[in-house]
Amino acid sequence: MKIVCIGHSVYDVTLPVESFPEENKKLRVPERIECGGGPASNAAFLLAKWGMDTSIVSVVGNDHYGNIIKNDYINAGINIDNLEIRDNRSTSSSYIIANKETGTRTIITYKEPQIRKLDKEVNIEADVILIDGEHPETAYEVLEKNPNAISVLDAGRVNDDTKFLGKFVTYFVCSKEYAEDFTNKDIDINDIEGLISIHKELEEYFNTNIVITLEDKGALTKIDGNYEIIPSIKVKALDSTGAGDIFHGAFTYFIANKYSLRETIRLSNITGAISVTRIGSRNSIPMLSEVLDYDKTI
């Protein structure tokens, strides 16, 4: 089974702090965590780590960060035939303050203008496609060339690209923030009717399977005509960086391996929850055996 991940490659520098720093103050930290990042990129690492035949379609600059990212892909066993390295571009980079007290993070990202289409023609066969909307024209071409592939959109930001691509995927998996921005409605986890109305609005627009992630509350979807919130597990969060990417990677793995939608979401919730107990995005990806072993205890 061949899985193709299309999207943003970033270099992350994470600084863990005991509490969020005050403005106009100096703060010294005892450690920093550096690794590649980006939604589709992090998902690709999870999929390769879990033994899947994984390819990345992305762009980096021909610079220090780009070379690190390229070598990391190679070392992880990810196919980089469609990793485009551009001489005239700086690799995107993110600087992350991870608040260990609350488990939240603040991200500042440097990114040059979006590359909508790779220079090279991407002719790749895929059984499963995961996209994050970063290279929308290339993503659409790959979807068109692989009409029978299972496809997943990691929809993190409302824009014309995700609104377009979302109509061509098998699973539209969006964040709570996306659902709120798209519908202009606030999500209240205790308002079931309100949640259903938001899901219906997304479903009517995209006409596909909709999953709305609800952070530590789990995820909302519709199964056999019934709306369900599939809960997450309770953990002590240290850093939520990359948790959504890791959820999407796990979702892609389980749905590709013919788990039911309910089991796919439940196990992906566990995967994402385990990840927030560790600092750093890619460094927090659990082993598949950890997830399955944890599932046996609940």
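Is Cys5 buried or exposed? At 0% relative accessibility, Cys5 counts as buried. Keep in mind as we walk through that this is a predicted model.

Let us stay with the cysteines for a moment. A disulfide is a covalent bond between the sulfur atoms of two cysteines. The structure holds 0 disulfides. Cys5 is accordingly in no such bond, and the nearest cysteine sulfur, belonging to Cys35, is 16 Å away. Cys174 tells a similar story: its closest cysteine sulfur is that of Cys5, at 19 Å, which is too far for a bond. For comparison, two sulfur atoms count as a disulfide within 2.5 Å. Cys174 is also buried, with a relative accessible area of 0%.

Cys35 brings us to a pair of strands. In strand S3, Cys35 is the bridge partner of Asp12. Strand S2, residues 10-17, and S3 run antiparallel to each other and are joined over 5 bridges. Of the 5 residues of S3, which spans residues 33-37, 4 are buried, so this strand is largely enclosed by the rest of the structure.

Now turn to the open sheet. Its 9 strands are arranged in the order S5-S4-S1-S8-S9-S10-S11-S12-S13, and their pairing is mixed. Which strands stand at the edges? They are S5 (79-86) and S13 (226-230); each has a single partner strand, so one side of each is left without a neighbour in the sheet. From one strand to the next, the twist averages 15°. Strands of a sheet pair through backbone hydrogen bonds, either parallel or antiparallel.

Follow the sheet to its S13 edge. There, strand S12, made of residues 219-223, pairs with S13 in the antiparallel sense over 5 bridges. Ile223 stands opposite Asn226 in S13. In the loop between S12 and S13 you will find Asp224. Asp224 is exposed, with a relative accessible area of 75%. Most residues other than glycine have a negative phi, and most peptide bonds are trans. Asp224, although not a glycine, has a positive phi of about 50°.

Two helices lie across this part of the sheet. Helix H6, residues 192-206, lies across S10 (171-174), S11 (209-213), S12 and S13, and runs at about 135° to S11. Helix H8, residues 261-275, lies across S10, S11, S12 and S13, with an angle of about 170° to S12.

Within strand S11, Thr213 is a good place to pause. Thr213 has 14% relative accessibility, so it counts as buried. What does Thr213 touch, not counting residues up to four places away in sequence? The list is Val173, Cys174, Ser175, Lys176, Gly218, Ala219 and Phe247. Cys174, the buried cysteine from earlier, is thus among the contacts of Thr213.

Next, look for aromatic rings. The structure has 17 aromatic pairs. In one of them, the rings of Phe172 and Tyr178 have centres 5.5 Å apart and planes at 70°, so the pair is edge-to-face. Both Phe172 and Tyr178 are buried. Phe182 and Phe206 make a tilted pair, with 5.5 Å from centre to centre and 40° between the planes. This second pair links distant parts of the chain, as Phe182 sits in helix H5 (residues 176-183) and Phe206 in helix H6, 24 residues apart. Phe182 and Phe206 are both buried. These four residues belong with Tyr205 to one aromatic cluster.

Between H5 and H6 runs a loop that contains Asn184. Asn184 is exposed, with a relative accessible area of 73%. Asn184 has a positive phi of about 60°, although it is not a glycine.

We finish with helix H7, residues 243-256. Its 14 residues reach 20 Å from the first C-alpha to the last, close to the 20 Å expected at 1.5 Å a residue. How many of the 14 residues of H7 are buried? The count is 13, so H7 is largely enclosed by the rest of the structure. After H7 comes Lys258, whose phi is positive, near 70°.

How values were computed: Residues are numbered from 1 along each chain as its sequence is written. This is a predicted model: local features need pLDDT of at least 70, side-chain atom pairs count only at pLDDT 80 or more; totals for chains, interfaces and linings use all residues. Side-chain values use heavy atoms; hydrogens and water are left out. Buried means under 20% relative accessible area, exposed over 50%, partly exposed in between (1.4 Å probe, protein chains only). Helices (H or I, at least four residues) and strands (E, at least two) are DSSP runs, numbered from the N terminus. The expected span of a helix is 1.5 Å times one less than its number of residues. Two strands pair if DSSP finds at least two bridges between them. Axes are lines fitted to C-alpha atoms, for helices over the stretch in contact, and angles run from 0 to 180 degrees between N-to-C directions. Contact means heavy atoms within 4.5 Å. Rings of Phe, Tyr and Trp (its six-membered ring) pair if their centres lie within 6.5 Å; planes under 30 degrees apart count as stacked, over 60 as edge-to-face and the rest as tilted.
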